[in-house]
Every structure is written in C-alpha cells, then in structure tokens.
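User: Please take a close look at one part of this model: the place where the two chains meet. I would like a connected account of it.

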Protein chains: 2
Amino acid sequence: MSTISPLAPASFPELPAVAGVQLATHEAGIRYTNRADLMLAVVPEGSTVAGVFTQSLCPSAPVDWCRSVIGSGRSRAIVCNSGNANAFTGAAGQTSARLTAETIANQLGVSAEEVQLASTGVIGETLPDDRLAEGLLALSTQLAPSNSAGWQAAANAIRTTDTFAKGASAEVAYANEIGGETFTVVGIAKGSGMIAPDMATMLGFVFTDAAVAPDVLQTLLSETVSKSYNRITVDSDTSTSDSVWLFATGEASDAPITSVDDPRYEGLKECVLGVNLDLSHQIVRDGEGATKFIHVTVTGAETDDAAATIALSIANSPLVKTALAASDANWGRIVMAVGKAGEKADRDSLEIRIGSELVAEKGWQAAGYSEERATEHLQNDEVSISVDVGIADGEATVWTCDLTHGYIEINAGYRS
Amino acid sequence: MSTISPLAPASFPELPAVAGVQLATHEAGIRYTNRADLMLAVVPEGSTVAGVFTQSLCPSAPVDWCRSVIGSGRSRAIVCNSGNANAFTGAAGQTSARLTAETIANQLGVSAEEVQLASTGVIGETLPDDRLAEGLLALSTQLAPSNSAGWQAAANAIRTTDTFAKGASAEVAYANEIGGETFTVVGIAKGSGMIAPDMATMLGFVFTDAAVAPDVLQTLLSETVSKSYNRITVDSDTSTSDSVWLFATGEASDAPITSVDDPRYEGLKECVLGVNLDLSHQIVRDGEGATKFIHVTVTGAETDDAAATIALSIANSPLVKTALAASDANWGRIVMAVGKAGEKADRDSLEIRIGSELVAEKGWQAAGYSEERATEHLQNDEVSISVDVGIADGEATVWTCDLTHGYIEINAGYRS
C-alpha cells in the first residue's frame with residue numbers, strides 16, 4: 001500500500017523560501033503514529049488570502065468554517081490535520097473546528113476568524129479534542145521561516161494515502177520604476193484519488209510574497225484552479241473537504257496589485273497556474289493504482305467548457321481507463337465516451353488521435369491507421385489521446401490515470 | 001470469460017407465445033462461429049411499434065435508421081445481428097443498414113421502412129455485407145410462431161459478452177363487456193455492462209398481443225423505460241446502440257387502446273414495466289465482474305428526478321462500488337456520493353441505512369449503529385443502501401452491481 005507510485009517524480013523538489021511565511025509541523029497522534037500529522041503556516045499582518053472549496057453539498061466542518069470567515073480576504077494562519085477529515089461529524093465537528101481556530105489564534109495573538117482550517121482523513125469520526133489541543137499548543141512553538149526542509153516536512157505532514165509528498169514552485173521577476181521585484185510562488189498539496197478511500201480530500205496550500213488585494217487574489221486563484229485542479233480526475237469522485245488556498249504575504253513588494261489590469265498580474269498568474277498544474281499533475285501521478293499518466297485533449301468543441309466536459313467524459317470512463325491500462329488501442333470506447341458526454345459533436349467529422357497516430361476521421365477508421373503504432377505509443381507510461389469534435393474552436397486538456405487492479409485492491413480493502 | 005455470472009437466475013424462464021409474433025434465428029458467421037448471430041421477429045399487418053434509443057450523440061447506423069422510420073408507429077419486423085455494432089462505420093455502415101432492411105422487406109413483402117434494425121458487437125468495423133445478405137435470406141425461411149424454445153433461441157442469438165440469455169414475461173386479464181381479454185407481454189434483452197467491452201449495447205425487444213395505438217404505445221414504453229433500463233448502471237458508460245422496442249400485434253383484442261385513460265392501460269403498463277424491470281435487473285446481474293446485486297433507494301429528495309440523480313451518483317461511484325465488493329460498511333463514501341450529486345440534500349438531517357441498519361442520522365453516525373450488523377448484511381449477494389436526504393418527497397430506486405477485479409480483468413483484456 002505504501003509502495004511509491006511508479007509515476008512519482010524522482011525526488012521532492014528544492015523549494016525556495018517565501019518571504020513572510022513561517023512553517024511548523026508536529027506529531028499529535030490523532031490517528032497516525034510515528035509521523036507528523038499537524039501542519040501550521042503563519043503569514044504576517046497585512047497578508048491576503050483566497051480560497052476555493054469543494055462543491056460537495058455535504059462539506060466538512062472545516063470547510064464550513066473557512067467559508068464563513070474567508071470573505072474578509074484576510075488571514076494570518078492555516079492549520080491542517082491529517083488522519084481525520086472532521087466531515088459528517090455534526091455539532092461536535094463544528095466545536096472541534098472552532099476550538100482549533102481559537103487555540104491557534106490565542107497562541108499567535110490574532111483573532112480566530114483569521115485562522116483557516118483543513119482536515120483530511122476518515123469521514124464520520126470525531127476528532128480527539130484533547131490530543132488535538134495538546135498538539136496545537138506544541139505546534140505553534142515550532143514555527144520557523146519557510147525553507148526547503150520546512151516545505152518538505154509540511155508536505156509530508158498533510159499526507160494520508162499519498163505515496164509521495166507533493167511540492168512545486170515558480171518565480172517571476174519584473175523590472176520597474178521602483179527598481180525591480182521578484183515574486184516567488186510555492187505550493188504543497190495532498191491527494192491520491194479525488195477522494196482517497198475514506199482518507200478524504202485533495203488539499204492545496206499555495207503561498208506568494210507578492211502583495212495582492214483580496215478580490216484580485218480570489219480571481220487569480222479561481223482562474224488557475226479551473227485550469228488545473230478542476231481539470232484532473234482519478235476516479236470522478238469529489239470529496240467533502242477539497243480545498244485550495246492562496247496566501248499573499250506582500251513581503252516582496254511595496255505596491256500591491258489591486259487590479260487584474262496591473263502589468264504584473266499575468267506574470268504572477270502564470271506562476272500560480274504553473275505551481276497548481278504541477279501539483280495537480282502530481283496528484284494524478286499518485287492516483288490509486290495508477291501506472292500511466294494520461295493527457296486527454298479535446299479541440300473543435302462548441303466552447304472551452306464543452307471541450308472540458310467531453311475530455312472529462314473520456315477521462316472518467318472506466319472502459320477507456322481499463323483499455324489504457326492494458327495498452328489496448330480500443331478507440332471505439334473513445335467514440336462511446338464522446339457520444340455520452342452530452343455536448344455537441346459531429347460524429348461524421350470526428351478525428352481521434354492516440355499519440356500522433358490518426359486513428360479515426362470522418363466518422364470512420366482512418367485510412368492509414370496502424371494499430372501497431374497506436375499500441376506502441378500506449379505502452380509508454382505517459383500517453384495522450386486527442387479528439388477533434390468538429391463543431392467550433394473550444395478546447396481543453398484534462399489529465400487522468402489508468403484504472404487497474406491496484407485501484408480495486410486499495411479501495412476494496414478494509415479500512416483498518 | 002464465459003463463466004456464468006454468480007448472480008444469474010437458475011435457468012431461462014418458460015416464456016409463453018405472443019399471438020402474432022413469429023421468430024427465427026440463424027448462424028451467419030458474422031463474427032462468431034458455432035452459434036446463431038441473427039434474430040428476426042415478424043409481426044402481423046396492423047401491428048404498432050414504439051422505440052426508445054440511445055442518447056449518445058455518436059449513434060450507430062441502425063439507430064439512425066430506426067429513428068428515421070419509427071415515426072409512423074408501424075412496423076412488421078425487427079432484425080438483430082450480434083458480433084458487430086455497425087457503429088462509427090461511416091457511409092458503408094448506412095449502406096449495410098439499408099441493405100439489411102431491404103433484404104428482409106423483400107422476403108416478407110413489406111416496405112423497408114417497416115423493418116427495424118439492431119446491431120451489437122464491435123465498434124468501427126464494417127459488416128461483411130455478403131455473409132450478412134446470405135444469412136438474412138436463410139433467416140427469413142426459418143420463421144415459426146413464437147414459443148418457449150423460440151424465445152430462448154432468440155435471446156441466445158442476440159448475446160455478445162452476456163454470460164446468460166435474458167427473458168421475462170407477464171400477463172394481465174380483464175373482464176369486460178365483450179367477454180374478457182388476456183394480454184401477454186414477453187421480452188428478451190441483452191447487455192452486460194452499459195456497454196460491454198467493445199461488444200457494445202444494451203438491447204431490449206418486448207412484444208405484446210394487446211392492440212395499442214402508436215402514440216399510446218410510445219408513451220407506455222417511454223414511461224416504463226425511465227423506471228427500468230434508465231435506473232440501472234453497471235459502469236456509467238452509455239453505448240452507441242442502446243435501444244428498446246415494444247411491438248403490439250393486436251391479436252388478443254378487437255378494440256385497440258387509443259388513450260392512456262383506457263381502463264386497460266395501467267394494467268398493461270404494469271406488465272410491460274414488470275418485464276422491463278426483470279430484464280434490466282438481469283442485465284445488472286450479468287454486469288462484468290459483478291458479485292453483488294445492489295438496490296440503492298433515495299427518499300426525501302426535492303423531486304423524483306433529483307432522487308434518481310443522487311441514487312445514480314451513489315450507484316456509479318467507484319469508491320462505493322469497491323467498498324461494497326469488499327462488504328465494507330464504509331458509509332463515509334455514501335456521504336461523499338450524496339454530496340457530489342449536485343442535488344439538494346440536507347447534510348444535517350441525512351439518514352443512511354445499510355440493509356435495515358440505521359448508520360447515520362442528523363449529520364452524524366447513529367447512536368445505536370453496529371458496524372458488525374451492517375457488515376453482515378453486506379456479505380449477502382443482494383444488498384440494499386437507503387438514503388433519506390431530508391428535503392421533500394422525491395424518491396427513486398436504482399440498481400447496480402459491485403466493482404471488482406473481474407471488471408478490470410474483462411475490460412483491460414485485449415479485444416482479440
């Protein structure tokens with residue numbers, strides 16, 4: 001179970017400091033033993049925050065808490081526990097969430113409403129409030145300025161069934177009238193399946209030292225999430241706790257970005273998108289039982305959203321995913337998945353490619369199609385499927401993994 | 001692969017004759033050897049027909065053909081080949097469909113537009129027109145009045161990856177001013193996964209000797225399909241060829257049913273629904289790799305449609321299906337599936353039952369919940385999950401099977 005995914009990166013990346021961000025981890029023994037299960041990140045006064053939360057209608061208690069306080073766009077800290085999702089835990093869950101925020105707030109001398117919360121792990125079990133409170137007190141004494149070792153420890157503390165820790169960074173430099181600025185973006189994430197067994201949750205924590213007004217930060221985060229985390233799928237399931245945060249400390253700039261028309265906005269957005277794409281791809285690479293990383297690109301759709309719907313229909317089809325697991329160029333299943341997506345597609349001008357091999361065109365198998373070449377491409381551990389649906393210019397790429405015995409093995413196993 | 005599903009009925013049922021229906025089967029060698037792969041059913045002049053076809057936007061050539069001619073509500077014959085779906089076969093596929101209809105029409109002395117078509121099997125390969133034509137000529141000489149052996153032979157001829165032949169019947173009797181009538185309904189079906197590997201298609205052929213006007217027949221069929229075939233799921237995939245027909249020969253009645261207010265309508269509809277439910281459950285019981293037959297009932301939803309959406313979200317969740325395969329009472333996954341369905345649900349008044357065991361209520365694990373009792377229920381090969389979402393009175397039941405290594409084994413195998 002704890003074997004590292006064959007699609008994992010060779011090692012955890014060297015991540016730079018983000019000015020103003022302090023990190024801590026602690027072993028509280030909430031569910032796991034012999035590993036850290038609490039993570040705290042603290043940002044300086046004046047920092048801004050944006051968040052994107054699960055669309056589940058049965059959200060966890062921490063998600064309820066975060067939604068109720070994030071409107072201010074201001075936050076000083078985020079704390080995450082692993083091993084217990086504090087989801088579907090009723091009134092007790094709400095109390096645990098509030099206690100967690102208050103405990104950390106008291107330690108830092110900020111208000112509870114300035115503390116964001118994340119929990120990931122089993123659903124339906126209440127948190128052990130005593131062990132948690134004790135752990136939180138110890139946690140807040142461990143704070144140290146962010147650095148490569150700190151990021152790696154934080155990325156490890158938030159893991160549940162993840163087989164490797166996930167981190168990414170990007171930088172962008174501007175020359176300007178006040179002499180030049182460099183913005184750094186660092187993110188860590190967890191996730192292994194949209195919802196891992198009952199180890200629920202995909203979580204992303206992204207930090208930058210840019211100065212960004214809250215509404216602009218929210219726009220920036222939402223736009224990048226829609227093109228990264230919302231374009232990946234392992235098993236089509238959505239957790240009660242999925243959340244992504246972007247914190248901006250402002251330490252690298254005296255002039256905040258207060259509009260999307262600021263010349264620095266696009267560059268910063270590219271960095272955040274790059275980090276979010278990298279992290280979301282790492283989540284797919286840690287997909288339960290995954291042996292192949294799959295790019296699905298749809299072009300020629302009515303709109304970009306329609307293209308994404310069709311691409312997700314392909315990427316979520318168990319029949320497509322099992323075929324790819326077997327390196328089987330079974331393109332009839334791709335036609336099926338396009339047909340069931342419910343978005344406009346012209347059957348008789350459909351073009352399908354496996355890698356660079358043209359498989360089908362004009363409603364029929366392509367004249368020069370070689371199943372041998374298609375199969376050869378599919379034997380790689382990174383493969384691509386491209387479909388042009390022949391309607392207009394909408395396009396989208398989504399990323400997924402194959403569906404193997406490993407997935408069944410992991411998910412049909414007992415929890416204990 | 002050809003091992004009979006552990007959930008199969010003990011034997012094929014004894015099916016009665018339907019007055020006016022003649023059947024034939026023939027071994028044409030389209031793809032399979034040593035088995036019949038053509039089925040023909042002929043009904044008398046004056047018979048009516050209704051059809052419901054796949055919502056796929058990439059439908060097969062026979063589906064295109066049927067849609068273009070079924071508007072008349074009149075049909076004299078339906079012919080089905082197994083082994084090749086004639087889907088995504090371009091202009092050649094359209095030609096094969098027309099040739100098939102014309103060949104049968106010429107033999108029977110009817111018009112091609114009075115012939116309905118079904119094909120099931122591989123996608124993307126053209127039909128061998130010469131062998132098909134030869135087979136069709138032989139087929140039409142084999143016609144005999146429907147009887148138990150004939151229905152079984154027909155149900156076998158339409159199989160692809162099905163591990164058992166599927167048939168069902170029902171009867172309803174009326175005493176009335178003209179002395180009394182008895183209507184018989186018989187159906188056969190094929191399907192094993194919403195789309196079996198590249199052996200695409202769920203098909204249903206239902207016949208009655210009642211006399212029913214075309215528009216009433218279509219209403220009756222549509223209403224029963226929405227509560228039977230549209231409430232089952234094996235793997236959430238939809239084929240290019242899914243079709244269900246209802247033929248009414250009128251041989252058992254001199255007074256046709258011309259309105260849904262006819263006192264005989266509801267009784268006949270119950271019969272057709274019963275046959276369609278029985279056949280659709282048999283399809284689930286033949287689900288690829290299935291070891292459990294699962295009832296998912298949702299109550300308390302905003303509408304019946306909302307209840308069906310939530311029930312399908314549970315029934316299609318790979319995480320729920322793998323848990324059930326392992327008899328694991330992992331109810332957090334049910335909460336997750338309710339939450340992602342996108343329909344109104346009140347997290348804090350959700351009630352979940354596994355069999356009769358109350359698992360969760362009021363947004364929390366139920367006080368008297370026994371995981372042992374829930375697990376014991378899940379060890380049966382027929383299990384039930386019930387969820388009340390606490391909003392209004394909408395309700396629906398859907399049926400599915402578990403997700404096992406068998407599904408991966410079957411679908412990750414090479415086609416040849």
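Analyst: Start with the symmetry. A turn of 180° and a shift of 0.0 Å along the axis lay chain A on chain B with an RMSD of 0.0 Å. The superposition is by least squares on the C-alpha atoms of residues with pLDDT of at least 70 in both copies. The two copies are thus related as by a two-fold rotation axis. A:H405 comes closest to that axis among the residues of chain A, with its C-alpha at 3.0 Å.

This is a predicted model: local features need pLDDT of at least 70, side-chain atom pairs count only at pLDDT 80 or more, and totals for chains, interfaces and linings use all residues. Residues are numbered from 1 along each chain as its sequence is written, while chains are lettered from A and ligands numbered from 1 in the order in which they are written.

Now the contacts. In chain A, 50 residues are in contact with 50 residues of chain B; contact means C-beta atoms, placed from the backbone, within 7 Å. On the chain A side, at least two residues each come from helix 8 (318-325), helix 9 (332-340), strand 15 (364-365) and helix 11 (405-411). Helices (H or I, at least four residues) and strands (E, at least two) are DSSP runs, numbered from the N terminus. Helix 9 of chain A gives the most, with 7 residues.

By type, the chain A side holds 23 nonpolar, 18 polar and 9 charged residues. Here Ala, Val, Leu, Ile, Met, Phe, Trp, Tyr, Cys and Pro count as nonpolar, Asp, Glu, Lys and Arg as charged, and the others, Gly among them, as polar.

Finally, 100% of the interface residues of chain A are also interface residues in chain B, so the copies meet through the same surface.

Methods:
Two residues are in contact if their C-beta atoms, placed from the backbone, lie within 7 Å.
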